[in-house]
Amino acid sequence: MKQMLSILACLLCLHAPAQQQGKTENVILVTLDGYRWQELFGGPQKKIYKTKKYTKDLATIKSQYWDADPVKSRAKLMPFMWGTIAKNGQVYGNKKLHNKVTLTNGYKFSYPGYNEILTGWGDRRVNSNDYPDNPNSNIFDFLKTKGFDGKMFCAGTWDAFPRIINTKRNGVPVFVNMKAEANGGIHINGVNIDEWHTTIPPHNPYAKTDTFTYKFAKEYIQRYHPRFSFIGFDETDDFAHGGEYDAYLGTAHTLDAYIQDLWGFVQSDPQYKDKTTIIVTCDHGRGDIPKLEWRHHGRVMGAEYIWIAAMGPGIEALGEINTKEHLHQNQIAATIAALLGCEYKPDHYAGAPIRSLTGQK
Ligand SMILES: [Zn+2]
């Protein structure tokens with residue numbers, strides 16, 4: 001019987017009873033599209049914001065986000081990331097401290113990046129943002145076989161997510177392009193998404209579509225209590241491509257506030273409180289300051305560098321990781337599975353879990 005129970009526990013990703021307390025039972029994965037490690041770890045970069053054409057609103061950057069000390073500056077830009085996630089969890093990818101996180105897909109743009117995050121494999125065949133339905137099984141497909149069927153969802157700003165996740169194959173609810181969908185397609189009774197237009201923070205004109213994504217995601221999580229949620233934000237990438245550095249920073253600041261707001265709900269809810277891990281990462285980096293390639297990625301040197309932040313029960317409070325180490329984007333899927341008590345075994349290659357996050361030796 002004991003053996004039966006442990007087989008069952010393994011199948012359903014349950015932890016042994018003695019270990020249940022303080023363990024992760026729910027995971028929320030959040031991505032900030034193309035958000036650079038340079039701003040995450042160093043705050044606004046002077047060489048970019050002092051260039052007038054990239055920064056219309058220099059006064060706001062200076063007064064709200066800037067400090068001569070990059071540690072203070074980054075905390076002004078993303079107060080929740082540095083005041084709460086880093087304090088209680090772990091943040092990987094500060095290249096200046098020789099802690100590196102890179103993608104393995106080689107393309108340095110979005111679909112291949114999200115494919116690598118969700119499948120654990122930087123599959124070279126996935127070579128376009130227009131790539132059709134993803135043939136690779138992913139963490140959703142895997143968790144579906146472990147008792148998570150009907151307990152997962154994605155809300156994303158980018159309309160490629162249904163293809164990347166392959167919702168046609170696995171039936172995972174994927175909600176994208178919230179503004180255009182408005183009152184169609186979204187089956188949340190009584191919620192009029194149009195009303196949300198009035199709730200975009202007036203002091204911050206950035207992250208309009210991401211605001212819809214966030215509000216929808218929070219509403220969905222509150223109502224349906226999924227055990228694995230993926231929220232894909234996008235506008236950091238849009239503003240960077242557009243060369244609007246102030247808007248890029250403002251978006252990151254707003255998204256940080258949304259993550260804080262979501263965590264506030266998580267810690268107030270009986271299903272989630274002290275049983276939920278949040279992982280925040282990005283699909284790709286961008287170029288660096290020389291030649292002003294910070295705007296772009298793809299065939300741009302340095303855009304392979306990303307970062308991973310996580311906080312939750314059982315995750316040691318190691319803060320900003322400053323050891324010489326090299327992690328990869330393909331480890332995220334197996335890390336999510338391991339946090340939920342499972343060994344990620346898809347029908348294709350996948351990176352190993354990040355041991356320092358999962359507590360496994
Ligand atoms: Zn892009």
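Which residue is the bridge partner of Ile-278 in β9? The partner is Met-311. This report describes a predicted model, and begins with the sheet to which that pair belongs.

## The sheet

Eight strands make up an open sheet with mixed pairing. Their order across the sheet is β5-β4-β6-β1-β7-β9-β2-β10. The two edges are held by β5 (174-176) and β10 (319-320). Each of these has a single partner strand, so one side of each is left without a neighbour in the sheet.

Helix α7 (residues 79-88) packs on the sheet. The strands touched by α7 are β2 (90-92), β7, β9 (308-311) and β10. The direction of α7 makes about 75° with that of β9.

## Strand β7 and its partners

Strand β7 (residues 276-281) runs parallel to strand β1 (residues 26-32), and six bridges join the two. Within this pairing, Ile-28 is opposite Ile-278, while Leu-29 is opposite Ile-279.

With β9, strand β7 pairs in the antiparallel sense, over four bridges. Ile-278 therefore appears in both pairings: it stands opposite Ile-28 and has Met-311 as its bridge partner in β9.## How β7 is enclosed

Is β7 buried or exposed? Six of the six residues of β7 are buried, so the strand is largely enclosed by the rest of the structure. Both faces of β7 are covered. On one side the buried residues are Thr-276, Ile-278 and Val-280. On the other side they are Thr-277, Ile-279 and Thr-281.

Helix α16 (residues 332-339) lies across β1, β7 and β9. The helix runs at about 170° to β7.

## A pair of helices

Two packed helices are described by the angle between their axes and the distance between the axes. For helix α13 (residues 208-224) and helix α15 (residues 245-266), the angle is about 10° and the axes are 11 Å apart. This angle makes α13 roughly parallel to α15.

Which residues of α13 meet α15? They are Asp-210, Tyr-214, Lys-218 and Gln-222. The residues they meet in α15 are Thr-251, Leu-255, Tyr-258, Leu-262 and Phe-265. By type, the residues of this contact between α13 and α15 divide into five nonpolar, two polar and two charged.

Key: Residues are numbered from 1 along each chain as its sequence is written. This is a predicted model: local features need pLDDT of at least 70, side-chain atom pairs count only at pLDDT 80 or more; totals for chains, interfaces and linings use all residues. Two strands pair if DSSP finds at least two bridges between them. Two residues are in contact if their C-beta atoms, placed from the backbone, lie within 7 Å. Axes are lines fitted to C-alpha atoms, for helices over the stretch in contact, and angles run from 0 to 180 degrees between N-to-C directions. A residue is buried if 20 or more other C-beta atoms lie within 10 Å of its own, exposed if 12 or fewer, and partly exposed in between; C-beta atoms are placed from the backbone. Angles under 35 degrees count as roughly parallel, over 145 as roughly antiparallel, 65 to 115 as roughly perpendicular and the rest as oblique. Ala, Val, Leu, Ile, Met, Phe, Trp, Tyr, Cys and Pro count as nonpolar, Asp, Glu, Lys and Arg as charged, and the others, Gly among them, as polar.
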